[in-house]
Amino acid sequence: MRAIVLGSAAGGAFPQWNCGCPNCVAVRAGRPGFVPRTQDSLAVTASADPTTGRFALVNASPDILTQIQKTPALWPRAPRHSPIAAIVLTNGDMDHVLGLFSLRESYPLALYVTSAVRRGLEESAFIRTLRRFEGQLVIRELVLGERTALADAAGEPLGLTVTPSAMSGKLPVHFVGHAKGAAEDNIALSFTDGAGSLMYAAAGASADVDLGGHDVVLFDGTFYREDELVSLGLSKSYARDMAHVPIGGHSGSLARLAGLAARRIYTHINNTNPILAPDSEERRAVEAAGWEIAYDGMKIVLDAPARGPR
Ligand SMILES: [Zn+2]
């Protein structure tokens, strides 16, 4: 299995268009070590050769066209073709569905969502605009704890399975009023091709989740501190109000996941997070604990199982 991080930032990207926080100022100024990032998305393939493999995308970010353009493995290989065969959504957030509108050029796509997210999308009249012809958008439902073999819109298998598990989250703003909160509103995704396994848990309110048994874990790196936005004077919201467990602190993911035996990578990083600053003590703390920090274009190879104590 191979994965490519298409986008490693939280909603708003890095820099964020209306943000003048120290990180956003530094990355706009081109200060060394500050790297721009697009909004979170991942491409996964069972093929050892990404130039011929077909991909499942995790989430369709508003930056999807830029992400495809920067990723040769996702370029067409015929006059009308895409290596993107399926899209799996972790929730119904605008940051994760808006990209679907950029993939409308009469090309059939398979979309995998939980039934709660499907209801939310269909009741918000969103999906109708993506169904210009019969079979353009084939929606298949994911069930918590059940393994699903991914296939393209025509039913051709990708050689990958995905198993969703509940992560405590928050109902997307555009669902509020016509959808009830449910355990399957926000999910983590475990991918396997039979040899390696990768967990994508990029948004969750708690680090008390079972992440064991994976070779690679990508985890919620949105905020370093609970009061990150408040202390910068940017918002009245704390990390918990936005359903993100911070990295630091005694109940943060750095402490809670210290014993996790897997390659560990923070992603979905908000532009305010001090780990984005190359010389920060927070960056040093994360790296000293053995975590990596995702960047756009990061390639993850899962050929040799790396599981076990390290
Ligand atoms: Zn900022």
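In the predicted model, an open sheet of 7 strands is arranged in the order S6-S5-S4-S3-S2-S1-S14, and its pairing is mixed. The edges of this sheet are formed by strand S6 (137–142) and strand S14 (299–301), each of which has a single partner strand, so that one side of each is left without a neighbour in the sheet. On average, and with direction ignored, neighbouring strands of the sheet are turned by 20° against each other. Strands of a sheet pair through backbone hydrogen bonds, in either the parallel or the antiparallel sense, and both senses are represented around strand S3, as described below.

Strand S3 (residues 55–58) is covered on both faces, with Phe-55 and Leu-57 buried on one side and Ala-56 and Val-58 buried on the other. Such a division is in keeping with the general pattern in which the side chains of a regular strand alternate between the two faces of the sheet. With strand S2 (residues 41–45), S3 pairs in the antiparallel sense over 4 bridges, and within S3 it is Leu-57 that stands opposite Ala-43. With strand S4 (residues 84–88), S3 runs parallel and is joined by 4 bridges; here Ala-56 has Ala-86 of S4 as its bridge partner. The connection between these parallel strands involves helix H2 (residues 64–69), which together with S3 and S4 makes a right-handed β-α-β unit.

Towards the S14 edge, strand S1 (residues 2–7) and S14 pair in the antiparallel sense over 3 bridges, and Ile-4 stands opposite Lys-299 in S14. The loop between strand S13 (292–293) and S14 holds Tyr-295, a residue that counts as partly exposed because 17 C-beta neighbours lie inside 10 Å. When neighbours within four places in sequence are left aside, Tyr-295 is in contact with Val-5, Ser-8, Val-35 and Arg-37. The C-alpha atoms of Tyr-295 and Ile-265, which are 30 residues apart in sequence, are 9.9 Å apart in space.

Towards the S6 edge, helix H4 (residues 115–123) lies across strand S5 (109–114) and S6, running at about 115° to S5. The buried residues of H4 are Ala-116, Val-117, Arg-118, Gly-120 and Leu-121, and these pack against helix H3 (94–97) as well as against S5 and S6. Tyr-112, for its part, touches Ala-86, Val-88, Leu-89, Arg-140, Leu-142, Thr-148, Leu-150 and Val-162, residues up to four places away in sequence not being counted.

In soluble globular proteins, nonpolar side chains tend to be buried together. The largest nonpolar core of the model has 83 residues, and those with the most contacts inside it are Val-44, Ala-56, Tyr-112, Leu-198, Tyr-200, Ala-201 and Leu-218. Of the 310 residues of the chain, 47% count as buried, and among contacts with a separation of 6 or more, 68% are accounted for by residues 24 or more positions apart.

Taken over the whole chain, the secondary structure comes to 7 helices and 14 strands. The radius of gyration is 18 Å, close to the 19 Å that the globule rule gives for 310 residues, so the chain is as compact as a globular protein of that length. Along the principal axes, the C-alpha atoms fill a box of roughly 50 × 45 × 40 Å.

Methods:
Residues are numbered from 1 along each chain as its sequence is written. This is a predicted model: local features need pLDDT of at least 70, side-chain atom pairs count only at pLDDT 80 or more; totals for chains, interfaces and linings use all residues. Helices (H or I, at least four residues) and strands (E, at least two) are DSSP runs, numbered from the N terminus. The radius of gyration is taken over C-alpha atoms; the globule rule is 2.2 Å times the number of residues to the power 0.38. A residue is buried if 20 or more other C-beta atoms lie within 10 Å of its own, exposed if 12 or fewer, and partly exposed in between; C-beta atoms are placed from the backbone. Two residues are in contact if their C-beta atoms, placed from the backbone, lie within 7 Å. A nonpolar core is a set of buried Ala, Val, Leu, Ile, Met, Phe, Trp, Tyr and Cys residues joined through C-beta atoms within 7 Å. Two strands pair if DSSP finds at least two bridges between them. A crossover is right-handed if, with the strands pointing away from the viewer, the path from the first strand over the helix to the second runs clockwise. Axes are lines fitted to C-alpha atoms, for helices over the stretch in contact, and angles run from 0 to 180 degrees between N-to-C directions.
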